[in-house]
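Please go through the structure shown here together with the report that follows. The headings mark the topics in turn.

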Amino acid sequence: MAAGSLAAAQPPAEGAGELNVLHWWTSTSERAAANHVAARMAENGLKWVDGAVAGGGGGPAIKVLNERILRRMAPKVAQLNGQSMTEWADMGLLLELDGVAARRNWAKVMFPQVMAQVTVRGHVVAAPLGIQRINNLYLNKTLFKRLGIDLPADWDGLERAAAKLRAAGITPVAFSDEPWQVATVFEALLLSEAGPALYRRMIEQRDLGAFDDPALERALKRLRNWRNLALPAGAATSTVGERPWTDVVADFAAERAAMLITGDWARGELGAMGLEGERDFSCRAVPGTAQAHLYSIDTLAMLAGNGGTTADQEKMAELLGSATMQLGFNRIKGSIPVRRDVPVDELDPCAQQSFHLFANPATPRVPSLVHRMAFGEVGKNAIIETVHRFALDPTQTPAAAQRKLQGLLRALAPKKTPS
């Protein structure tokens, strides 16, 4: 069946101004951020009809979206991030928002990296909402202070702190064996060991030769060591368990674990629990990555073929890109605005640091592998699975995992057309 017919065969409209939104914002803070958008939409005559699909990393939501497209029941709005948008746009499934972008001067007010992510073959195909920084190290200041342990600033300091935490009966690291969470930690460690230039050669340019570099093996070793710090002292098992990211953040907040590597979404959740950055916890860059911004961008795409709802979809896109919406949404979610002209002094210190770093033209901004900034769904999932298997299999050597990743990249490379 042609893509155009899939997009055009929609169920009857829910009603004037009603927009069904398929997304994966289901934690307490994410839900509050989505509710903020819904409230602002209501003030402008639009109704957010919620289509939340639980599941960290968005995998389950993407599967539901695929099924709804095939059943000719596509939502009017869907969360689609990064490279996966190209596939949808190429099939004619996304509404082009060039008029909205031109009217609201998006090319001038939004960061170039943001515009590059939402532009496919010269057309704007999604409305950006916020930028997340992935390479964050969170330290529970209350716990460190109570135990009299100095806040570590480098890997050696983290290892010394971990030993003291273990001696005090505290699990040093909050962690989950859920595949996307394991790989999120890994990409931050890869940036730490490789540096921005080599990271880009691996993840953006997909240079097979770069995967021979010893930095990849070091990152894999670092991943396994970091995960081991999440195991309870004297544990008979080598399994941490596949737990939702919200449970991992709750362990950190409740002082059951002292350190955490993850994206800014954790800060939104900590805020929802009543914790404040720099008072209750420290938000730092993963050692070796302080000057780099490993980013992902949240976006909502408008599905094409919705007939008379196009005007409502464009109205929603305009609202999503407005300065007031940007500030309100990102303040709740823990991310930062996609616009360069939003006053960020109302955001918490961690968000302000992230914003100013991203805004600095000299900052190496590197795209997240796990969160679809550098790979589409198939490639992303394959690499996540390879990293996950290594992390949970103590018999697999880092060198073997390095070879597997290189082979995987070779298989994912575009096939050359015979001359």
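## Thr-289 and its surroundings

In this predicted model, Thr-289 touches Arg-133, Asn-135, Ala-188, Leu-191 and Ser-192, leaving out residues up to four places away in sequence. Thr-289 sits in the loop between β10 and β11. With a relative accessible area of 1%, the residue is buried. Its side chain reaches the backbone oxygen of Val-286 at 2.6 Å.

## Strand β11

The loop that holds Thr-289 leads from β10 to β11. Strand β11 covers residues 293-302, and ten of the ten are buried, so the strand is largely enclosed by the rest of the structure. Both of its faces are covered. On one side the buried residues are His-293, Tyr-295, Ile-297, Thr-299 and Ala-301. On the other side they are Leu-294, Ser-296, Asp-298, Leu-300 and Met-302.

β11 pairs with strand β3 (residues 77-79) in the antiparallel sense, over three bridges, and there Val-77 stands opposite Met-302. Strand β6 (residues 127-133) also runs antiparallel to β11 and is joined to it by six bridges; in this pairing Gly-130 has Asp-298 as its bridge partner. With strand β12 (residues 365-367) the sense is parallel, over three bridges, and Tyr-295 is partnered by Pro-367.

## Tyr-295 and the aromatic pairs

Across the whole structure, a search finds seven aromatic pairs. In one of them, Tyr-295 and Phe-358 have ring centres 5.6 Å apart and planes at 85°, so the pair is edge-to-face. The two residues come from distant parts of the chain, 63 residues apart: Tyr-295 belongs to strand β11 and Phe-358 to helix α16 (residues 349-359).

Both partners are shielded from solvent. Tyr-295 counts as buried at 6% relative accessibility, and Phe-358 is buried with a relative accessible area of 0%. Together with Phe-111 and Phe-355, Tyr-295 and Phe-358 form one aromatic cluster.

## Ala-317 and Met-302

Met-302, which stands opposite Val-77 of β3, is also a contact of Ala-317. Ala-317 is found in helix α14 (residues 310-320) and counts as buried at 0% relative accessibility. The C-alpha atoms of Ala-317 and Met-302 are separated by 8.1 Å, with their positions 15 residues apart along the chain. Beyond four places in sequence, Ala-317 also touches Leu-97, Val-100, Trp-106 and Ala-127.

## Nonpolar cores

In soluble globular proteins, nonpolar side chains tend to be buried together. Here the largest nonpolar core has 75 residues, and those that touch the most other members are Phe-175, Leu-190, Leu-223, Trp-226, Met-259 and Ile-261. α10 gives the most to this core, with 14 residues. Apart from it lies another core, of 66 residues, whose members include Val-21, Ala-34, Tyr-295 and Ile-297.

Which residues surround Ile-261, neighbours within four places in sequence aside? Ile-261 is in contact with Asn-136, Leu-137, Trp-155, Val-185, Ala-188, Leu-189, Trp-226 and Val-286. Among these, Ala-188 is also touched by Thr-289, and Val-286 supplies the backbone oxygen that the Thr-289 side chain reaches.

## Helix α12

Helix α12 spans residues 245-253, and its buried residues are Trp-245, Val-248, Val-249, Asp-251, Phe-252 and Ala-253. An α-helix has 3.6 residues a turn, so residues three or four places apart point the same way. The buried residues of α12 pack against helices α2 (28-43), α10 (179-203) and α13 (265-272). They also pack against strands β7 (136-140), β9 (257-262) and β10 (281-285). After α12 comes Glu-255, which has a positive phi, near 65°.

## Cysteines

Why does the pair Cys-283 and Cys-350 not count as a disulfide? The sulfur of Cys-350 is the nearest cysteine sulfur to that of Cys-283, at 3.1 Å, whereas a disulfide needs the two sulfur atoms within 2.5 Å, so the pair falls outside the cut-off. From the other side, Cys-350 likewise is in no disulfide, and its nearest cysteine sulfur is that of Cys-283. By this rule the structure has zero disulfides.

Are these two cysteines buried or exposed? Cys-283 counts as buried at 7% relative accessibility, and Cys-350 is buried with a relative accessible area of 4%.

Methods
Residues are numbered from 1 along each chain as its sequence is written. This is a predicted model: local features need pLDDT of at least 70, side-chain atom pairs count only at pLDDT 80 or more; totals for chains, interfaces and linings use all residues. Side-chain values use heavy atoms; hydrogens and water are left out. Buried means under 20% relative accessible area, exposed over 50%, partly exposed in between (1.4 Å probe, protein chains only). Helices (H or I, at least four residues) and strands (E, at least two) are DSSP runs, numbered from the N terminus. Contact means heavy atoms within 4.5 Å. Two strands pair if DSSP finds at least two bridges between them. A polar contact is a pair of N or O atoms within 3.5 Å; within protein, one must be able to donate a hydrogen and the other to accept it, and residues adjacent in sequence count only if both atoms are side-chain atoms. A nonpolar core is a set of buried Ala, Val, Leu, Ile, Met, Phe, Trp, Tyr and Cys residues joined through side-chain atoms within 4.5 Å. Rings of Phe, Tyr and Trp (its six-membered ring) pair if their centres lie within 6.5 Å; planes under 30 degrees apart count as stacked, over 60 as edge-to-face and the rest as tilted.
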